[in-house]
Amino acid sequence: MAGSERDEDARVRLPQLRLDELLEELQARIDAARGTRDRVHSLLEAVLSVGRELDLEQVLHGIVEAAAALVDAQYAALGVIGPDGKRLSAFHTVGVSEEEIARIGHYPEGHGILGELIRRPEPLRVGKLSDHPASYGFPAHHPPMDTFLGVPIRVRDQVFGNLYLTEKRGGAHFDEEDESVLSTLAVAAGVAIDNARLYEESRLRERWLRANAEITHGLMSGSERGSALALIAERAREITGAALAVVAVPMADTDSLTVELAIGQGADTHRGLVLPVDDSLLGRAFTSAAPVTSADIAHDDRAFPGPQRYPDLGPAVAVPIGSGEGVRGIVLLVRAADRNAFTDKEIEPLQGFAAQAAVAMELAERRQDAEQIAVLEDRDRIARDLHDLAIQRLFATGMTLQSAGRFIEHKEASERVLRAVDDLDETIKIIRSTIFGLRSPTDAGGGTGLRARAVRVVGEAAPVLGFPPSVRMEGLIDTHVSKEAADHLVAVLSEALTNIARHARADRAGVVLETDGREVRLTVSDNGVGVPAGGRRSGLRNMAERAEQLGGTFDITGSADGGTTLLWRVPVGER
């Protein structure tokens, strides 16, 4: 009896145990389903959150934050692959403070396991980073990391970048579900990035169109050419995020470009510079009528001659204003050293902007030409009327007075009439001189101005010196400086460069020509051995005499490190 009761109790307890196990399994499945539901819900929220943004930087940061939250990672990063497809050009992080980033130093460029994802854009899970054959190690001050999960982000079948997740919280490893969730987020991220890019491109096109409209309106409203060039440079600098904008234009009858204006970082060191068309960055863009880029202009031999003019500057692009034979100048844009190089997508609208600006300049010049022709025609009519009407009447009046003077017996009256006739003759001479001035061309022709003459002298001296001197010009040199002062200045410049070639043993020289409307100053410097004591000074004496003849001064100074600086300054004189 007792045995049968024990068997009965065992049969009762066994179903109870099985029921508990079933209930526990059911609860576990319910919890798993709830966890899956919550994770799917979180994934949907992350997708919606990422898709709502249109600013690319905000989108990228939102993707990193969402990825870290979805797979419970302590550290997350999104590396953007550069144009070369081999390196990371940008890096967005979560979990590392600004102070830690500053201690670590430069962001990763794509070596080690990060480079593995670039070379093989497929999901990658690693339980211990140091065990992976592509592991590259960490720099100093980098937080320790072991577990790793990486997923590529594709935008229209092109790999945009990679998501990197490390250190799953609680010491666990990333699993297949984490990889699946992250891969799903990466697909949504690709769509969000594409949308943000399209939005950014549309806004950029809108900014270029507004800038073109602004320039065209200004030129058609009668703005000066210099104002138009300044507006072109300023808008191009703003839209492309450049630190420096330089505009160079061709000089008449020379193979040189002169920097008409410069805006931004280091602008003062560029204004007025004269550059050879051959073998210079801007010259190549001018002759080829096509954009020319530089990855690092601070170390580019094609940049401006002379001392270093690009501290803390890096990527650059020179774009022609116009096309074919109608290139009117070059705009050079230079970014800070830590910025990205100019891409084809950026250069294309910039080139279109410069071409449209050139068309606007052409139309404005045609309008000015038409106005000038109208002025000349009016002047010609005035000259014709003066000749055919005024002079003939004055001449007839003079002849009448001269004939009448013979009948005047009063001596004083006769003298007055003769003086009136002389005055009429003088008036006729003045009118004829005025007619000649009205009918003379307003421009004596390009290439004869002081700017062009000075550039030619420097160009002729370059083969003798063995290097091209740097040239900078400022002020209305051709307008303010008289012919006499210009002739003396050109002779002094030629003599100074000849002296450098003969005696200085220099490998660098600079020429600065400037005027403020009252005086013209010529500065010629070199890094040679200086003026030797007791040496021949006939050339220097000639320079001093030329300055004294015009009421100016001549000074020569040397430096302790060697080199000589000549300063020749005279009044501009009467035009």
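**Notebook: contacts, cores and a helix pair**

I began with the contact map: of the contacts in the protein between residues at least 6 apart in sequence, 62% join residues at least 24 apart. A reminder to myself: this is a predicted model.

Next I looked up the overall make-up. The protein has 575 residues, and buried residues make up 41% of them. I find 13 helices and 16 strands in the secondary structure.

**Cores**

Which residues have the most contacts inside the largest nonpolar core? I looked them up and found Leu493, Leu497 and Trp568, in a core of 40 residues. I then checked which elements supply at least two residues each, and my list reads α10 (450-465), β12 (470-474), α12 (483-504), β13 (509-515), β14 (519-526), α13 (538-549) and β16 (564-571). Helix α12 gives the most, with ten residues. I also noted a second, separate core of 31 residues, with Leu56, Val59, Ala68 and Val80 among them. As a general note for the margin, nonpolar side chains tend to be buried together in soluble globular proteins.

**The α10 and α12 pair**

Both helices were on my core list, and I wanted to see how they meet. Their axes come within 10 Å and cross at roughly 15°. An angle under 35 degrees counts as roughly parallel, so I can write α10 down as roughly parallel to α12. The crossing is right-handed.

I went through the contact residues next. From α10 I have Leu450, Arg453, Ala454, Val457, Val458, Ala461, Val464 and Leu465. From α12 I have Ala486, Asp487, Leu489, Val490, Leu493, Ser494, Leu497, Ile500 and Ala501. How many of these residues are nonpolar, polar or charged? I get 14 nonpolar, one polar and two charged. Leu493 and Leu497 are in this contact, and I had already met both among the residues with the most contacts inside the largest core.

**Helix α4**

I turned to a short stretch, residues 112-119, which form helix α4. This helix is mostly covered, with seven of its eight residues buried. I wrote the buried ones down as Gly112, Ile113, Leu114, Gly115, Glu116, Leu117 and Ile118.

**Threonine 166**

My last stop was threonine 166, which I located in strand β5 (residues 158-168). Is threonine 166 buried or exposed? Its relative accessibility is 6%, and buried means under 20%, so I count threonine 166 as buried. Leaving aside residues up to four places away in sequence, I see threonine 166 touch Ala73, Gln74, Tyr75, Met145, Thr147, Phe148 and Phe174.

Key: Residues numbered from 1 in each chain as written. Predicted model: local features only at pLDDT ≥ 70, side-chain atom pairs only at ≥ 80, totals over all residues. Heavy atoms only, no water. Buried < 20%, exposed > 50% of the residue type's maximum accessible area, 1.4 Å probe, protein only. Helix = DSSP H or I, 4+ residues; strand = E, 2+ residues; numbered from the N terminus. Core = buried A, V, L, I, M, F, W, Y, C linked by side-chain atoms within 4.5 Å. Axes fitted to C-alpha atoms, helices over the stretch in contact; angles between N-to-C directions. Parallel < 35°, antiparallel > 145°, perpendicular 65-115°, else oblique. Left-handed = near helix turned anticlockwise from the far one by under 90°. Contact = heavy atoms within 4.5 Å. Nonpolar A, V, L, I, M, F, W, Y, C, P; charged D, E, K, R; others polar.
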